[in-house]
Amino acid sequence: MSLLRVENVSKHFGSLIAVDNVSMTVEPGELRAVIGPNGAGKTTFFNMISGFLNQTSGKIVFDGEDISSLWPARRVWRGIARTFQITEVFPELSVRENLRIAVEVASGYRLHLWQSRNIDGEVKARVVDLLEMGGLADKADRLVGELSHGDQRSTEIMMALALKPRLLLLDEPTAGMGDQETYEITQLIRKLHRDQKHSIVLIEHDMRVVFHLADRIMVLAEGKMLAEGTPKEIAANETVQAAYLGKAAA
Amino acid sequence: METLNRQTANIIVWLLLLAMPFWIKALGGYTELCTQVLVYALAAMALNFLLGFTGVLSFGHAAYFGLGAYGVAMTIKYLVASTPLALLVGIVVGTIAAAIIGWLIVNLRGVYFAMVTIAFGQVFYFITFRWNNVTGGDDGLTGWSRVPIDLGFTRIDILHNPTAFYYVVLAIFAVAVGIMAFLLRSPFGRTLLAIRENERRARFLGIPVERHIWLSFLISCLFVSLAGGLYALLNNFVDPRALRWDMSGNFVIIAVLGGMRSFWGPMIGAAIFVVLQDYVSSMTENWMSFLGLFFVLIVLFFPRGVLGILRRKSLS
Amino acid sequence: MTQLILFDTFNGLIVGAFYALMALGLSLIMNLSGVINFAHGGFLAIGGYLAFTLMPFVGFWGGLVLAPILTAAIGLVVERFLIRPLYGRDPLYSLLLTFGLAYIFEDGTRYIWGAQSLPYQIPTVLSSPLSSQFFFLTGYRLFMVVLVAVAVGALFFILKYTRLGVRIRAGTLDLETVSVLGVNVRILRNLNFGLGIYLAGLAGVLAAGMLGLQPTVGSSLIMPSFVAIIVGGLGSLPGTLLGGLLIGVASGLTTVFFPSATEAVMYIMMGLVLLVRPRGLLGEEGRF
């Protein structure tokens with residue numbers, strides 16, 4: 001069974017049609033990239049999957065369950081975690097505290113008023129794991145707001161991972177980053193996908209990243225799906241070249 | 001190191017509070033003034049639970065303060081002559097009102113939330129103002145006073161002994177403040193910080209933001225009604241000014257003056273505010289202009305508050 | 001009875017027109033600058049007292065023209081020196097600052113003009129009843145309704161057709177884009193604030209004629225204006241207008257049947273609106 005099935009979703013903002021009748025299927029363990037020029041409706045599409053926006057029409061099925069009308073937190077509880085194009089973290093808390101909150105919420109302790117020593121130890125151990133995985137161990141006690149853009153982004157991805165998601169939605173994880181940072185984030189995503197078998201949907205602008213990482217690519221333009229296929233197929237697709245790659249190259 | 005500092009600070013605060021009735025006289029104050037500081041401090045710290053630690057701007061907390069005060073006064077006057085029971089009634093009344101109004105407004109944000117809380121705050125003002133055969137209307141509710149507390153083995157005469165009353169209030173204050181500190185250090189408290197820091201991130205971590213804001217609003221209003229109840233006991237009197245908009249403004253400015261981001265900030269703000277109010281209103285009739293100027297100056301030159309500035313200095 | 005209902009409805013409409021006039025100014029400022037101007041009632045009182053002071057020199061009509069302009073000028077100065085430094089900071093601070101200003105204005109008017117209520121002379125042309133049957137329909141009341149209608153009409157005209165108005169509306173939707181397009185946002189906010197305060201000043205002169213002058217006139221009118229904005233819907237000026245008139249008429253009618261609930265009724269309306277339609281009657285979705 002597919003992990004995520006998006007069926008004919010559309011989003012209208014008044015008379016503007018941001019996403020027009022788009023469908024997509026993601027299999028477990030797949031890394032799917034969504035690409036397209038600015039204003040193609042990528043982020044809107046993402047926002048509907050994560051519940052940030054409600055679709056005007058269409059259906060979203062996650063692991064066999066129709067989640068189209070669930071509010072965001074419930075979709076998170078089902079196992080969908082996301083990051084944002086503009087990094088969303090808790091800037092005045094330390095990296096450790098950021099991750100700790102994520103771990104506690106994910107473990108269902110969000111209403112707990114007290115933690116036993118055991119649980120406290122488990123939470124701390126999990127936070128240390130995440131710090132190491134994200135290469136943040138040496139910055140654990142600094143405020144996230146003071147870190148570099150790349151480290152903030154890693155923190156955000158690690159917070160999403162703390163939720164033990166079954167599907168990870170990454171919205172332009174390398175946006176606004178230099179070459180070195182882009183490389184590091186790309187390595188991290190590859191590790192998550194290849195080694196840890198995470199299912200990931202990725203919006204990306206940087207073509208190198210996309211063709212490097214993705215199993216399959218979907219191309220959006222002006223709210224419509226233009227093409228779908230493996231990186232090779234997409235690279236060879238003339239419509240895509242005309243609409244997007246051609247422009248990017250020019 | 002930091003936890004050590006915090007512990008030292010806590011010990012100093014509690015020692016100062018325990019000894020306040022003694023050292024305040026040396027400074028020309030009196031015991032009731034100490035109690036007043038505690039009451040305002042409790043109200044502002046309770047407001048700050050929401051304002052500083054959940055990041056939600058409520059400008060209508062006087063409503064729940066006043067409901068607590070009227071709950072206490074009316075219980076003693078009409079129902080039963082017991083101070084603890086009266087306080088309980090005051091808390092319950094204030095918290096129920098907060099539960100209902102909180103439920104109506106948790107979906108609103110920012111300035112809109114602030115404006116709706118201001119407007120709702122006035123409902124209870126008009127009710128107490130208009131319903132004068134029960135509440136005493138504009139003249140306030142008189143003809144009652146706090147009742148000595150009977151513990152079985154001993155009797156604490158809080159009515160005639162202001163120092164005894166101060167220590168009873170201090171004990172209640174300690175319990176209330178302890179509970180708030182405990183809540184803020186729990187996983188639940190950390191979800192509130194998360195909402196303050198970044199509501200969108202909090203929501204997409206799976207925190208049901210509205211529900212947690214509602215809970216925080218409730219907790220905050222519970223302790224504000226407790227403070228209101230103590231305020232009524234302190235004065236042996238309550239009138240509609242206890243729940244008017246200017247009282248809400250006082251709580252907010254106290255929290256800002258002391259430092260919204262620190263736990264003890266509002267306590268320092270309350271001490272400054274109460275002493276200043278006592279001093280200035282004995283000097284001039286234009287307390288209102290003075291207070292207005294005070295607001296303007298704090299906002300323009302002192303927005304981080306006393307503890308905010310101290311903390312900044314110690315970091316640099 | 002019918003006459004009583006008619007009287008109170010009409011009365012409510014007048015009061016509602018006041019609320020609306022005041023709330024429109026508040027709304028303008030809040031929509032563009034995100035500032036809840038708690039001192040709006042104070043500006044209203046200043047408008048009324050200025051008209052009172054000017055009357056011996058320029059008469060009723062002169063006061064009606066000059067006082068709101070002078071009030072707006074004070075508004076421009078206040079915005080420039082006190083409120084401008086707070087843009088971009090937590091809205092808490094501008095709210096606290098205007099809160100303080102409200103205190104200063106109220107105490108200041110009391111200091112200058114005294115605490116007791118001052119009578120405000122209106123021309124005899126306007127003060128006589130128009131008919132003996134509808135005794136309540138004095139010329140002044142009718143005049144007020146007409147003047148508020150003209151002011152509101154002029155406001156909507158300015159917003160729709162003048163360059164300033166178009167910029168204000170555009171800035172309300174997306175201030176950043178407007179500033180990128182080369183509009184001086186500082187001046188825009190300043191003028192917009194002045195426009196809002198002008199409306200408060202005008203409401204003050206009219207209120208003086210109907211209610212007389214007291215230092216507390218401002219703080220008694222500010223809360224209903226908030227309610228009007230919330231009921232009508234934040235971000236929508238027609239909504240604010242509608243909200244003002246609605247709560248005015250509602251409290252007018254309540255006076256007939258259940259006088260002690262006159263104030264409470266508008267808060268009940270507000271609660272109902274928030275319950276059924278949290279963004280207000282004409283509020284836009286997703287704006288707040």
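**View 1. Helix α1 of chain C, end to end.** In this predicted model, helix α1 of chain C covers residues 2–33, and at 1.5 Å a residue its 32 residues should span 46 Å. The end C-alpha atoms sit 45 Å apart, so the helix agrees with that expectation. Buried or exposed: how do the residues of α1(C) mostly come out? Of the 32, 23 are buried, so the rest of the structure largely encloses this helix. Right after α1(C) comes C:G34, and its phi is positive, near 65°. As for how far to trust chain C, its mean pLDDT is 88, with 95% of the residues reaching 70 or more.

**View 2. Where chain C meets chain B.** Two pairs of chains touch in this complex, and the B and C pair has the most contacts. Chain C puts 35 residues into the contact, while chain B puts in 37. On the chain C side, the elements giving two or more residues are α3 (91–113), α9 (217–232) and α11 (264–276). Which of these gives the most? That's α3(C), with 15 residues. Sorted by class, the chain C side has 27 nonpolar residues, 5 polar ones and 3 charged ones. For the complex as a whole, the predictor reports an ipTM of 0.91 and a pTM of 0.92.

**View 3. Where chain B meets chain A.** Here chain B brings 18 residues to the contact and chain A brings 26. Looking at the chain B side, α8 (187–197) and α9 (199–203) each supply at least two residues. The top contributor on that side is α8(B), with 7 residues. The class split for the chain B side is 9 nonpolar, 4 polar and 5 charged residues.

**View 4. The gap between chains A and C.** How many Å separate the closest C-alpha atoms of chain A and chain C? They lie 11 Å apart, and no contact joins these two chains.

**View 5. Chain A on its own.** Chain A is built from 9 helices and 10 strands. Its C-alpha atoms fill a box of roughly 60 × 40 × 35 Å along the principal axes. A compact globule with 250 residues would have a radius of gyration near 18 Å, and chain A has 18 Å, so the two agree. Of those 250 residues, 44% count as buried. Now take the contacts in chain A with a separation of 6 or more: 66% of them come from residues 24 or more positions apart.

**View 6. The two domains of chain A and the place where they touch.** Domain 1 of chain A is made of two stretches, 1–79 and 167–250, and domain 2 runs over 88–164. Between the C-alpha centres of the two domains there are 26 Å. At the contact, 9 residues of domain 1 of chain A face 7 residues of domain 2 of chain A. Which helix gives the most to the domain 1 side? Helix α6 of chain A (residues 179–195) does, with 4 residues. By class, the domain 1 side divides into 6 nonpolar residues, 1 polar and 2 charged.

Conventions
Residues numbered from 1 in each chain as written. Chains lettered and ligands numbered in written order. Predicted model: local features only at pLDDT ≥ 70, side-chain atom pairs only at ≥ 80, totals over all residues. Nonpolar A, V, L, I, M, F, W, Y, C, P; charged D, E, K, R; others polar. Rg over C-alpha atoms; globule rule 2.2 N^0.38 Å. Buried ≥ 20, exposed ≤ 12 C-beta atoms within 10 Å, placed from the backbone. Domains from an automatic or database assignment. pLDDT = per-residue confidence, 0-100. Expected span 1.5 Å × (residues − 1).
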